[in-house]
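Thanks for coming, everyone. I'll put the model on the screen and walk through it.

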Amino acid sequence: MRSIPVPLATASAAGMATPCAYRAAERRWRQCSASDPAVIDFERAAEDDRVFQLPVPDGVPAWLQGAQVFGVRGADGFRFVRCPFSAAEELRWTRAALCEWAEPPNESNLQAHHGPVTGLFDSHVRCGSRPSLLASLSWVTLGYHYQWTSRQYEARRRSVFPPELAGLAADLARVAGFRLRAEAAIVNYYGAKSTMGE
């Protein structure tokens with residue numbers, strides 16, 4: 001597992017990280033190495049007094065009972081969950097993201113130019129080495145659909161939130177010590193060479 005830098009971004013007066021703070025933290029992340037003292041290596045959490053481990057709560061599903069949950073001093077609410085996803089579970093969620101969640105009535109970045117696109121992944125497989133629309137898929141909204149122009153969710157624009165994903169979100173929140181009822185999600189898709197924000 002790669003070391004994970006956890007830059008504690010500066011906050012605006014409203015208490016939320018500012019876009020400039022995010023960009024500064026991202027630039028710092030790209031430049032840092034595992035030897036940088038700002039990097040928190042959760043593989044060596046016991047050696048770092050900025051990190052503390054939390055117990056896994058009773059009653060979590062069996063697949064999460066072996067999880068490790070860490071917090072960072074000075075970053076209230078931050079949790080790092082080392083999760084015991086099996087390879088089969090990783091493939092299951094990847095398949096859902098490509099074959100189920102990318103389908104209408106969920107909304108995607110492709111709709112503005114292509115309308116609702118169905119069978120995106122199957123079409124990609126049939127294309128073989130030819131380019132397909134899948135390479136242009138950047139995001140999909142689930143449940144309440146985020147309106148990028150107005151930067152808000154509208155009650156009238158929603159689809160059914162995937163129940164299995166809602167269960168996964170609730171389970172992960174519970175192991176981290178929180179309660180969550182997921183009603184909206186933005187699923188981001190990245191190519192092998194792309195990074196967040198590009």
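Let's start with Trp148. Is Trp148 buried, exposed or partly exposed? Its relative accessibility is 34%. Buried would need under 20%, and exposed would need over 50%, so Trp148 counts as partly exposed. Bear in mind that this is a predicted model.

Where does Trp148 sit? In the loop between β7 and β8. Trp148 also belongs to a nonpolar patch on the surface. The other members are Tyr153 and Ile186. Together the three have about 260 Å² of accessible area.

Stay in that loop. Arg151 is there too, between β7, residues 139-147, and β8, residues 152-158. What is the phi of Arg151? About 55°, a positive value, although Arg151 is not a glycine. Is Arg151 buried or exposed? Its relative accessible area is 59%. The cut-off for exposed is over 50%, so Arg151 is exposed. The two strands around it form a hairpin, with four residues between them. Arg151 lies in the turn of that hairpin.

Now β7 itself. How many of the nine residues of β7 are buried? Eight, so β7 is largely enclosed by the rest of the structure.

Next, its pairings. β7 pairs with β8 in the antiparallel sense, over three bridges. Within that pair, Tyr144 stands opposite Arg158 in β8. β7 also pairs antiparallel with β9, and five bridges join the two. There, Trp139 stands opposite Asn188 in β9. Then there is β6. β6 and β7 are antiparallel as well, with two bridges. Ser108 stands opposite Val140 in β7.

Just past β9, residues 184-188, comes Tyr189. Is Tyr189 buried or exposed? Its relative accessible area is 15%. That is under the 20% cut-off, so Tyr189 is buried. What does Tyr189 touch, leaving aside neighbours within four places in sequence? Its contacts include Ala97, Leu98, Trp101 and Ala102. Leu137, Ser138, Trp139 and Val140 are on the list too. Take Ser138. Tyr189 and Ser138 are 51 residues apart in sequence. In space, they are 4.9 Å apart, C-alpha to C-alpha.

One backbone detail before the other sheet. Which two residues does a cis peptide bond join? Pro104 and Pro105, with omega at about 15°. Pro105 is found in the loop between α2, residues 87-100, and β6, residues 107-108.

Now the three-stranded sheet. It is open, its order is β3-β4-β5, and the pairing is antiparallel. β3, residues 51-54, and β5, residues 80-82, stand at the edges. Each has a single partner strand, so one side of each is left without a neighbour in the sheet. The twist averages 30° from one strand to the next.

β4, residues 68-72, pairs with β3 over four bridges. Which residue is the bridge partner of Gln53 in β4? Phe70. The partner of Phe52 in β4 is Gly71. On to β5. β4 and β5 pair over three bridges, again in the antiparallel sense. Here Phe70 turns up again, opposite Phe80 in β5. As for burial, four of the five residues of β4 are buried, and the strand is mostly covered.

One helix residue: Asp171. Asp171 is found in α5, residues 163-175. Is Asp171 buried or exposed? At 16% relative accessible area it falls under the 20% cut-off, so Asp171 is buried. Which residues does Asp171 touch, not counting those up to four places away in sequence? Pro61, Trp63 and Leu64.

Finally, the whole chain. Five helices and nine strands make up its secondary structure. From the N terminus, the order is β-α-β-β-β-β-α-β-α-α-β-β-α-β. The chain has 198 residues, and 33% of them count as buried. Its accessible surface comes to about 13,000 Å². Carbon and sulfur atoms account for 55% of that surface. Last number. Take the contacts with a separation of 6 or more. Residues 24 or more positions apart account for 50% of them.

That's the tour. Over to you for discussion.

Conventions
Residues numbered from 1 in each chain as written. Predicted model: local features only at pLDDT ≥ 70, side-chain atom pairs only at ≥ 80, totals over all residues. Heavy atoms only, no water. Buried < 20%, exposed > 50% of the residue type's maximum accessible area, 1.4 Å probe, protein only. Patch = residues over 30% accessible without salt bridge, like charges linked within 9 Å, V, L, I, M, F, W, Y side chains within 5 Å. Areas by Shrake-Rupley, 256 points an atom, 1.4 Å probe, with all protein chains shown as cover. Salt bridge = Lys/Arg side-chain N within 4 Å of Asp/Glu carboxyl O. Contact = heavy atoms within 4.5 Å. Pairing = 2+ DSSP bridges. Axes fitted to C-alpha atoms, helices over the stretch in contact; angles between N-to-C directions.
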